[in-house]
Amino acid sequence: MSGAVGTTLDLSGRTALVTGSTQGIGLAIAVDLARAGARVAVNGRTAGRVDAAVAQVREQSGGDVVPAPGDVTTADGTAALTADLPDVDVLVNNLGIFDAQPALEITDDDWRRYFEVNVLTATRLVRAYLPGMRERGWGRVLNVASDSAVVIPAEMIHYGMSKTALLAVSRGFAKEAAGTGVTVNSVIAGPTHTAGVEDFVYQLVDRSLPWDEAQREFMRLHRPQSLIQRLIEPEEIAHLVTYLASPLASATTGGAVRVDGGYVDSILP
């Protein structure tokens, strides 16, 4: 059995949907999956941004890329997207929101919003696509979580809560998919260099600092546990997602797999 699945990250003939893939980590994942041969559906809320991202992914990957616009944070938006894209082999729930906020100032509406966007959106899409994967006997569900799921940040505990919940959701759906050829995993992404994170960093350090200096100061003050002592590049997250989406990862399911630069102080993956 050890050589049955081959040794390449080949996703030819598979369709992948990556939510929130017009920028940042999601865009990098879309490019990497397309390079591996998947037909990739790029998702975002507005058609203009989606079309621009589709062109970028095609240019960088030379792959088969299609637009899948829609607001998947709503039930109606999800229904419209799944009607246009009824069958998906690889579902990457990447969409998420984050922001710094003092713990005692997080309102009930804030708590609900973070749960609904970061957890319920992913859950809704899994409900939509998992049955088809099980019927076909092959599929991958990947929920992009965060080190904040394990090391709850004092400056955004509502975000940490939502990502902790996403780990539980992933484990539970992996049990639902047991024995079907479908795997469900979460990816614990560490502090990653994206435009949104640059804004977040400057909420916590002096805005007059040049970016390289601001990044080092942020890691020193707020993420000192990192073993690589730098922000992770989105492509580094994407490489792990592509591996987990591939046939090579057929025995990895129900896991929370880390690509966190050693930030989480644990010997378990």
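## Asp89, two one-sided helices and a positive phi

The side chain of Asp89 reaches the backbone nitrogen of Thr15 at 2.8 Å. The model in which this contact appears is a predicted one, and the points below treat the surroundings of Asp89, then helices H2 and H7, and finally the loop residue Gln229.

**Asp89 and its surroundings**

- Asp89 sits in the loop between helix H3 (75–84) and strand S4 (90–93), and with a relative accessibility of 9% it counts as buried, because buried means under 20% relative accessible area.
- Leaving aside residues up to four places away in sequence, Asp89 touches Gly13, Arg14 and Thr15, and also Met133, Arg136, Trp138, Gly139 and Arg140.

**Helix H2 (residues 47–61)**

- The 15 residues of helix H2 should span 21 Å at 1.5 Å a residue, and this agrees with its end C-alpha atoms, which are 21 Å apart.
- Val50, Ala53, Val54, Val57 and Ser61 are the buried residues of H2; seen down the helix axis they fall within an arc of 110°, so they line one face of the helix.
- These buried residues of H2 pack against helix H1 (24–35), strand S2 (39–42) and strand S3 (65–67), whereas the face turned away from the buried side carries the exposed residues Gly48 and Glu59.
- Just after H2 comes Gly62, which takes a positive phi of about 70°.

**Helix H7 (residues 211–222)**

- For the 12 residues of H7, a rise of 1.5 Å a residue gives an expected span of 16 Å, and the end C-alpha atoms are indeed 16 Å apart, which agrees.
- The buried residues of H7 are Trp211, Ala214, Gln215, Phe218 and Met219; seen down the axis of H7 they fall within an arc of 130°, so they too line one face of their helix.
- Helix H6 (195–204) is included in what covers the buried residues of H7, while Arg216 and Arg220 are exposed on the other side of H7.

**Gln229 in the loop after H7**

- Gln229 is found in the loop between helix H7 (211–222) and helix H8 (234–245), and it is exposed, with a relative accessible area of 66%, since exposed means over 50%.
- Most residues other than glycine have a negative phi. Gln229, by contrast, has a phi near 55°, a positive value in a residue other than glycine.

Note on methods:
Residues numbered from 1 in each chain as written. Predicted model: local features only at pLDDT ≥ 70, side-chain atom pairs only at ≥ 80, totals over all residues. Heavy atoms only, no water. Helix = DSSP H or I, 4+ residues; strand = E, 2+ residues; numbered from the N terminus. Expected span 1.5 Å × (residues − 1). Buried < 20%, exposed > 50% of the residue type's maximum accessible area, 1.4 Å probe, protein only. Arc of directions from axis to C-beta. Contact = heavy atoms within 4.5 Å. Polar contact = N/O pair within 3.5 Å; in protein donor to acceptor, adjacent residues only side chain to side chain.
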